[in-house]
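User: Could you walk me through a few of the terms used for this fold? I'd like to see how each label is earned.

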Amino acid sequence: MSTVENDAIIADTQRWLERAVIGLNLCPFAKAVHVKKQIRYVVSSATTPEALMDDLVRELELLAETAADKIETTLLVHPYVLTDFLDYNDFLDVADEALEELDLAGELQIASMHPHYQFADTEPDDIDNYTNRSPYPTLHLLRESSVAQAVMAFPEADKIFDKNIETMRRLGHEGWDKLWEDHNS
């Protein structure tokens with residue numbers, strides 16, 4: 001995988017973060033770390049779940065060892081493995097086991113985003129699923145302390161999920177598609 005490919009994958013991911021996650025306020029905590037450049041973007045060249053696990057362990061350890069003002073959170077993008085959502089979803093259990101084995105449960109957590117993300121009891125094309133739809137399969141590594149701090153600072157954190165579903169339903173598929181149009185022409 002070339003640096004050019006990695007740069008394009010990161011650019012796509014940043015565009016998604018800016019237009020969807022921050023632009024639609026799907027995560028009210030994302031803007032501050034984005035502006036402060038405290039998000040680490042890593043593109044994994046893994047083509048097997050085992051190789052991805054190696055990358056995941058390395059990134060979990062790095063995040064745990066690095067000061068939050070340097071790296072607050074990591075987006076581990078893995079475009080060449082676990083492109084099937086069900087396989088990806090199964091991998092999340094293995095990823096959580098890795099947190100336990102590394103003795104990082106309670107310190108770090110892993111959030112999930114995928115181009116075909118699907119919540120339980122939804123149809124694949126339901127707009128609700130788009131709250132977690134990223135351009136590539138992505139493991140989002142977060143600090144528990146930062147999540148707790150953000151939740152305390154956000155008065156209605158328990159309502160974020162429901163608010164996001166409302167946002168997506170108002171937006172609809174047509175509105176989602178318009179997010180990706182470039183208006184430079």
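User: How close do the axes of helix α3 and helix α4 come, and at what angle do they cross?

Analyst: Happy to help! This is a predicted model, where local features need pLDDT of at least 70, side-chain atom pairs count only at pLDDT 80 or more, and totals for chains, interfaces and linings use all residues. Residues are numbered from 1 along each chain as its sequence is written, and side-chain values use heavy atoms, leaving out hydrogens and water. The axes of α3 (residues 49-65) and α4 (residues 85-101) come within 11 Å and cross at roughly 40°.

User: What makes α3 oblique to α4?

Analyst: Angles under 35 degrees count as roughly parallel, over 145 as roughly antiparallel, 65 to 115 as roughly perpendicular and the rest as oblique. The crossing is at roughly 40°, and that makes α3 oblique to α4.

User: Which residues of α3 and α4 make the contact?

Analyst: With contact meaning heavy atoms within 4.5 Å, α3 brings P49, L52, M53, L56 and L60, while α4 brings F91, V94, A95, A98 and L99. These divide into ten nonpolar, no polar and no charged.

User: Why is T138 called buried?

Analyst: Buried means under 20% relative accessible area (exposed is over 50%, partly exposed in between; 1.4 Å probe, protein chains only). T138 has 0% relative accessibility, so it counts as buried. T138 sits in strand β4 (residues 138-143) and touches residues including L75, Y88 and M113.

User: Why do β1 and β3 count as standing at the edges of the sheet?

Analyst: Two strands pair if DSSP finds at least two bridges between them. The open sheet has the order β1-β2-β4-β3. β1 (39-43) and β3 (108-113) each have a single partner strand, so one side of each is left without a neighbour in the sheet.

Definitions and conventions:
Helices (H or I, at least four residues) and strands (E, at least two) are DSSP runs, numbered from the N terminus. Axes are lines fitted to C-alpha atoms, for helices over the stretch in contact, and angles run from 0 to 180 degrees between N-to-C directions. Ala, Val, Leu, Ile, Met, Phe, Trp, Tyr, Cys and Pro count as nonpolar, Asp, Glu, Lys and Arg as charged, and the others, Gly among them, as polar. Lists of a residue's contacts leave out its neighbours within four places in sequence.
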